[in-house]
Amino acid sequence: MVSLESSKRLTTFLLAITIVVMAFGGLIRINDAGESCPDWPTCFGSFGFDISPEEQEKWWSENPDEVDSRGSAHRYTTFQIFTEWIHRLLSAAVLGPLVLLNWYLLRKNDDSTGEISFASAVSVFLIVWQGGIGWLTVEMDNLHWSVALHLTSALFFSTSLIWLWLSICRAEESVPSWISFDSESSKRWLTWISLLSLGAFLSIFSGTFVSTQEGANQACGVSGFPDSWPLCEGELIKPIDDFLAQAKMIHRWFVGVVLTSFIVASYSALKESKDGRGGSLVSWIWASTALYSANALIGASYILTYDMEEGFFEFLSLVHLMLASLTFLTLATAWLGCTTETDGE
Ligand code: HEM
């Protein structure tokens, strides 16, 4: 029988690989490579990524139904195809089988608890679901809602792994002190943490509509400070007539409201810590506020570093995605800690 400790290590490894897969997902997007493997699970009918322009042309002529929005004359570079290929390889050939193995080992383990079985079953369901949504993303030509759903599921899948890790810690009675909160603080902060998690999640969700729509990142102009940021085409707020076309302004306003909530929460946490209350939960509120604020600045730098010749510095968009995901996962971890019965400090 494999020990719970080994399953815990495997779960940590799975979480680390998931973060890498998410980063490759963002790399696909910033390289416009979302359809560089037009079929799934194969890529241009093969299992490799080195598909020459001639091979692409041949495949399009044999599969006219698969032609995407860029048309059959468009050719992808080997690097673009590689980003999509490695993203799929890691998720389908590494994550999928290992999540199943983890579930199987935990099922066979006599020390497993009901919570562990449930959390590992949820992670299996979500990895299978994620593969299906990945296929949908490809089928829908990376349409905004399909990418938003794909990213949402990726965040839920990561959260299920954190939950599994925490439930194994509980079964081993080895919950680390940095995630053990006293029940008083947990009760007091649970609603705040739930709301901030929701705010962080909706910030990412609304951001996906900006990043996946052609030209949406220019919707507030590119003339620099202050007209394109913090203002939107020189105005603070404009009437909304088209939610999708104005996704940028909506995302910005939403982030402004959520950022204010983070600051208010951090201020209350500061008062609590001065009174000697709150324990380690206070650090989680501050850490997530620091991540969210830093990410708001990254979003602003993305707009302000626009160059007429070079366009946007897309690497910042990848950092923006990763920091946003990290903020959500930090809060989701704190939320799981609050709902976990521990002896705490
Ligand atoms: C655990 C498995 C997976 C995770 C965690 C994951 C996560 C992600 C993330 C975070 C993004 C970036 C979204 C954004 O930038 O807004 C992404 C993009 C993408 N993923 Fe996945 N993914 C997984 C599996 C798959 C699979 C199996 C496929 C294909 C069948 C797939 C296809 C894509 C495509 C095409 C994109 C690019 C979307 C775009 O260009 O906007 N993913 N993925």
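**Cis prolines**

I went to P41 first and found it in the loop between helix 1 and helix 2 (53-62). This is a predicted model, so I kept in mind that local features here need pLDDT of at least 70. The peptide bond joining W40 to P41 is cis, and I read omega as about 10°.

I then looked up the other cis bond on my list, the one from F225 to P226, where omega is near -5°. P226 sits in the loop between helix 6 and helix 7 (247-274).

**Positive phi outside glycine**

Which loop holds E233? I found E233 in the loop between helix 6 and helix 7. Its phi is positive, about 50°, and E233 is not a glycine. I counted 13 C-beta neighbours inside 10 Å, so E233 goes down as partly exposed.

E173 has a positive phi too, near 55°, and is likewise a residue other than glycine. I located E173 in the loop between helix 5 and helix 6. Is E173 buried or exposed? It counts as exposed, because just 8 C-beta neighbours fall inside 10 Å.

D32 went on the list as well: it comes just after helix 1 and takes a positive phi of about 55°.

**Helix 1 and L4**

I checked the length of helix 1 against its residue count. Its 27 residues at 1.5 Å each should span 39 Å, and the end C-alpha atoms are 39 Å apart, so the two agree.

L4 belongs to helix 1. I got 22 C-beta neighbours inside 10 Å for L4, and 20 or more is the cut-off, so I marked L4 as buried. What does L4 touch, once its neighbours within four places in sequence are set aside? The contacts are N109, D111, I168, A171 and E172. I also took the C-alpha distance from L4 to S197, which is 29 Å, with the two positions 193 residues apart along the chain.

**Two domains**

The assignment I worked with splits the protein into domain 1 (1-175) and domain 2 (178-345). Their C-alpha centres are 25 Å apart. For the contact I noted 20 residues from domain 1 and 23 residues from domain 2.

Which elements give two or more residues to the side of domain 1 that touches domain 2? They are helix 1 and helix 5. Helix 5 gives the most, with twelve residues. By class, I logged this side of domain 1 as twelve nonpolar, six polar and two charged residues.

**Nonpolar cores**

Next I turned to the nonpolar cores. The largest one has 55 residues, and those with the most contacts inside it are I193, A200, F328 and L331. Helix 1, helix 3, helix 4, helix 5, helix 6, helix 7, helix 8 (281-304) and helix 9 (315-339) each put in at least two residues. Helix 5 supplies the largest share, 13 residues. I also checked how this core relates to the domain split: at least three of its residues come from each of domain 1 (1-175) and domain 2 (178-345).

Another core lies apart from this one; it has twelve residues, among them L27, I51, Y76 and W85.

I picked L331 for a closer look at its contacts. Leaving out neighbours within four places in sequence, L331 is in contact with I193, L196, S197, A200 and S288. Two of these names, I193 and A200, are already in my notes among the residues with the most contacts inside the core.

**Around the ligand**

I finished with the ligand. How many residues surround the ligand? I have 32, and the closest are G25, G34, S91, G134 and A154. By class, I logged the shell as 14 nonpolar, 15 polar and three charged residues.

Helices that each supply at least two residues of the shell are helix 1 (4-30), helix 3 (78-108), helix 4 (114-139), helix 5 (144-171) and helix 6 (183-211).

Why do I place the ligand between the domains? Domain 1 (1-175) and domain 2 (178-345) both give residues to the shell around it, so the ligand lies between them.

Conventions: Residues numbered from 1 in each chain as written. Predicted model: local features only at pLDDT ≥ 70, side-chain atom pairs only at ≥ 80, totals over all residues. Near = placed C-beta within 6 Å. Helix = DSSP H or I, 4+ residues; strand = E, 2+ residues; numbered from the N terminus. Nonpolar A, V, L, I, M, F, W, Y, C, P; charged D, E, K, R; others polar. Domains from an automatic or database assignment. Contact = placed C-beta atoms within 7 Å. Core = buried A, V, L, I, M, F, W, Y, C linked by C-beta atoms within 7 Å. Expected span 1.5 Å × (residues − 1).
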